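Please walk through the following structure from one of its helices outward to the protein as a whole.

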Amino acid sequence: MPTNFTVVPVKDAEGDGDSAAAAGGGKPVSLNNIFRDDDRDVNSDGSQSGDDSQRESRPFILDDDVQPSNGKTMALFEEEMDSTPMVSSLLNKLANYTNLTQGVREHEEAEDGLRKVAVMVPQMGTFIGVYLPCMQNILGVILFLRLTWIVGTAGILGSFAIVSVCCACTLLTAISMSAIATNGVVPAGGSYYMISRSLGPEFGGAVGLCFYLGTTFAGSLYILGTIEILLTYIVPTATVFEATSVEGEGTAALNNVRVYGTCCLLLMALIVFVGVKYVNKLALVFLACVMLSIMATYAGVIKTVIEPPEFNVCLLGNRSLTNEKFEVCAKTEVVNNKTVTTQLWRLFCDSEHLNASCDEYFTLNNVTEIRAIPGLLSGVLKDNLWGDYGPAGAVIEKKSQGSVPAQDTSNDIYKPYVFNDITTYFTLLVGIYFPSVTGIMAGSNRSGDLRDAQRSIPFGTIMAILTTSFFYISCVLLFGACIEGVVLRDKFGDSVRKNPVIGVLAWPSPWVIVIGSFFSCCGAGLQSLTGAPRLLQAIARDGIIPFLQIFGHGKANGEPTWALLLTVGICEIGILIASLDDVAPILSMFFLMCYLFVNLACAVQTLLRTPNWRPRFKFYHWTLSFFGMSLCLSLMFISSWYYALVAMVIAGCIYKYIEYRGAETEWGDGLRGLSLNAARYALIRLEEAPPHTKNWRPQLLVLCKLDSRLAVKHPRLLSFTTQLKAGKGLTIVSSVLEGTFMTRGPDAKTGEQNLKAAMAAERTKGFSHVVVSSNLRDGFSLLIQSAGLGGMKHNAVLMAWPAGWKQARDSSPRRNFIETVRETTEAHQALLVAKNIDHFPGNQERLEGGRIDVWWIVHDGGLLMLLPFLLNQHKVWRKCKMRIFTVAQMDDNSIQMKKDLQMFLYHLRLDAEVEVVEMHDSDISAFTYEKTLKMEQRSQMLKQMQLSRTEREREAQLIHDRNTASHSTKEDKASCSVPDRVHMTWTKDKLINERNKHREGMGVKDVFNMKPEWENLNQSNVRRMHTAVKLNEVVVKNSRDSQLVLLNMPGPPKSKKGDENYMEFLEVLMEGLDRVLLVRGGGREVITIYS
């Protein structure tokens, strides 16, 4: 989160008063405004308008320009003063700021809107700022309400293991947190800020929301503890729902907790809404209650050595009894020398008479009374050493005491026994206990209020953890050594007249514990409802989760009103659960996940050794962080494996959402450094050897063209890339701008942004790059040679067919295309050229049937057969069938060729129809000669266009006149003579046209008399044109209606003299076809029949 700073306006030696004016006449303003330019907008609250997140990318806390000095001694640097201020000016500004926490701004403002306190210097030291807040957050509800029950159930050894593991987990986390917190300023957000800036916005947002949910459910836990104390120990008669039967007592109790818990939640939310300052002022009172309760507990332990408390437990046989319904722990008593039955007798017998019918177990066993607190020197430590787990509904028994079992136990539920309310096992106790060691982030959350945060946070946090760990471990030993086992396992103190078990031990009265724990839970609940909304507000204001942005707003003074409402709603869910034992594991999951990622962040930063990783806290190591991370993960699954999975799924969904929809934010996080190291390692490994044929896939360099507005001219080229790649492998989308980088640098950045936007719109995963070159040809050459890095280089080039090359005023489009073909061939890279790319289907279209036709004329590595297979993997082309055509010459056995090709495709595991087209040698048609003649005439005209404008016009006119005269002479000769019969091959259209001309009496040009012009043609061009025409006829005949036609792309002539004709050959080859992909292999096999 960006941090606001309060700046003390300090006048310089020359008495300049501008700084005071900038500070708003004593009103605290952002440090940005002190260093801002005069023409920049500033919001009314003093913060600079714009994206505050950009501040974190700056090297210092101040993030705006520092005004340069007017001195002449540094004239050499005066042009750079705006971006690189003088060191003396920088130090002067840094020495005169003080930072405040980004928390709430209280209602301590005057009527004119100015704050009463203009400058606030942090004055809190380690003890007040870190140690006591951590103590207050760590010691709480579990200590008073569940620790004695955990000791009794798990035994001293089991409880010692639980406490030790949980405290070790928080200690290791505190070490990692101290390293991160001392590696720079930690503003509001605490753990969220540390994790997000260390592991990136995705992890930061996911874990930040989990930490928010944990803090919110902590509020539910504390409120449930408050209501449990209220209804169990303070006013047990204040019930709304009354049970009509024994079976309904549990349901009625839960409903009472829900009603009172909801009322308590609303009351606390109202207090937080009115003003957090009241919560802060009462914090010391709440802490005093906690410390007083702990001191009373230790005093009670000491007193047991002198005189144990007068609390006894009544046992029937070895079963513990609730003693709130009877006074005398005996079956009968003597009153006036007469034996009479007691209240206990009436609870087990059908009448008060001695001959009444009684419960079988009551009849067989005697009633005994033992001390609830035998004392520290009683030796009860041995009895409580091991655990005593049991199912729900089991009677709590003293195992070391003998008893006679009864045959019928069906009516035990109606008797005044003490029962287990839940099934107990070790892992459950871990989940219930862990919330008692949370709260270690309290110090790091207050870093802005500390005099020396770099020293206070590590020392204060670790000392608080060691102190509370001593409290917990000593309590485990003292409880086990002082309290009877059946009393320890009595969760609600039913056997000691509805007193908390720890209260029975405390001195001078159980009410010290009752009142102290009640106010402690109230204070902790208020602090949770105060901290959780601000954490959510910090996440919302970062803008990484779009749907949470509304929770970044609040009241005018900064109070997160909307976040508070959401927090109350989530907290109500925990209240409706109505069981502290069920809410505690949920709370444990979220905190453990947060601590896990704190350890991960420290380990990643330490292993990467980034230059910015310079924590002042030196007592850390990556192995400790890794061990802490492993411990957190283990505790998550030990506590509750299904809750752990749910927490991970929630975090994973948030992570993917931020990755997919979240704002792009760069915080210099460690995961990017980790990715860089992994990429470097992988690139080095890739460069060791070229990829095997089995691993070959097209790694594309896509040559895009930008229009005059620097927008992508053919976005369907990117769509086709997506369909061909499906997000696999390397894709580099590039373009070239003509000019110099000094003049067109901004255009290059704009073009690259437009490329990225187009790639995102077409869902093309890859990289974009725009280069500036003196001409397009050199730019394309540069990209073909240097795009990629190490072993991650492209092996194929995809581009669109230059459709307007004939209409171009110069020959540069043609020359650029041909040179690109030559350079890809020289670089042993495949080339894919798409004709009519704008007619290709988009990613949202679905081709319902149709065919993809492959015309396999020459073998150049098998790329022609691999491309349709890759296209079939995409949903756009999935329903298209693949057909492979090959051409048989006069000497080929077409039947055998078809069989061999089918067998070859079978071994390649490709499903395709096979067709063999026979193309016999035939005479060259007149149509071919005419196409060649026009081509060469046009080529000669283009050569002449290299001359001056006047010369070009004159030469074009001479050529035109000469052709006109030649044709008119031949027509005159044709009118007076009958043409000789010549054995030439005519096309069908040509023959029909000639016949129509004869019938209409028009002059027919004698094809034989054109022979002198044909003889002057380049015979190589004639043969090439003949091949193009014949092959085009066959392709059009068979594939006119196909969805896509793939053709072998013939290479350009070795001599550059024939370049001007090469494009014409390709045009003729593709004439009459809509979607065509010309494919030229890279000179290596890309498909194999072997596994």
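Is helix 15 largely enclosed by the rest of the structure or largely exposed, and how many of its 30 residues are buried? In this predicted model, 22 of the 30 residues of helix 15 are buried, so the helix is largely enclosed by the rest of the structure. Helix 15 covers residues 453-482, and because a rise of 1.5 Å a residue would give these 30 residues a span of 44 Å, the 42 Å between its end C-alpha atoms agrees with that expectation.

The packing can be followed from here into the nonpolar interior. The largest nonpolar core has 163 residues, and among those with the most contacts inside this core are Tyr433, Phe434, Met441, Tyr472, Phe479 and Ile483. Helix 20, which runs over residues 580-608, gives the most to this core, contributing 19 residues. Once residues up to four places away in sequence are set aside, Phe479 touches Leu147, Thr148, Val151, Thr297, Leu488, Ile502 and Leu505. Another core, of 54 residues, lies apart from the largest one, and its members include Val702, Cys880, Leu901 and Val1086.

The view can now widen to the whole protein, which has 35 helices and 17 strands. Of its 1091 residues, 50% count as buried, while the protein exposes about 52900 Å², of which carbon and sulfur atoms supply 56%. Among the contacts in the protein with a separation of 6 or more, 80% are accounted for by residues 24 or more positions apart.

How values were computed
Residues are numbered from 1 along each chain as its sequence is written. This is a predicted model: local features need pLDDT of at least 70, side-chain atom pairs count only at pLDDT 80 or more; totals for chains, interfaces and linings use all residues. Side-chain values use heavy atoms; hydrogens and water are left out. Helices (H or I, at least four residues) and strands (E, at least two) are DSSP runs, numbered from the N terminus. Buried means under 20% relative accessible area, exposed over 50%, partly exposed in between (1.4 Å probe, protein chains only). Contact means heavy atoms within 4.5 Å. Accessible areas come from the Shrake-Rupley method with a 1.4 Å probe; for residues, only the protein chains shown count as cover. The expected span of a helix is 1.5 Å times one less than its number of residues. A nonpolar core is a set of buried Ala, Val, Leu, Ile, Met, Phe, Trp, Tyr and Cys residues joined through side-chain atoms within 4.5 Å.
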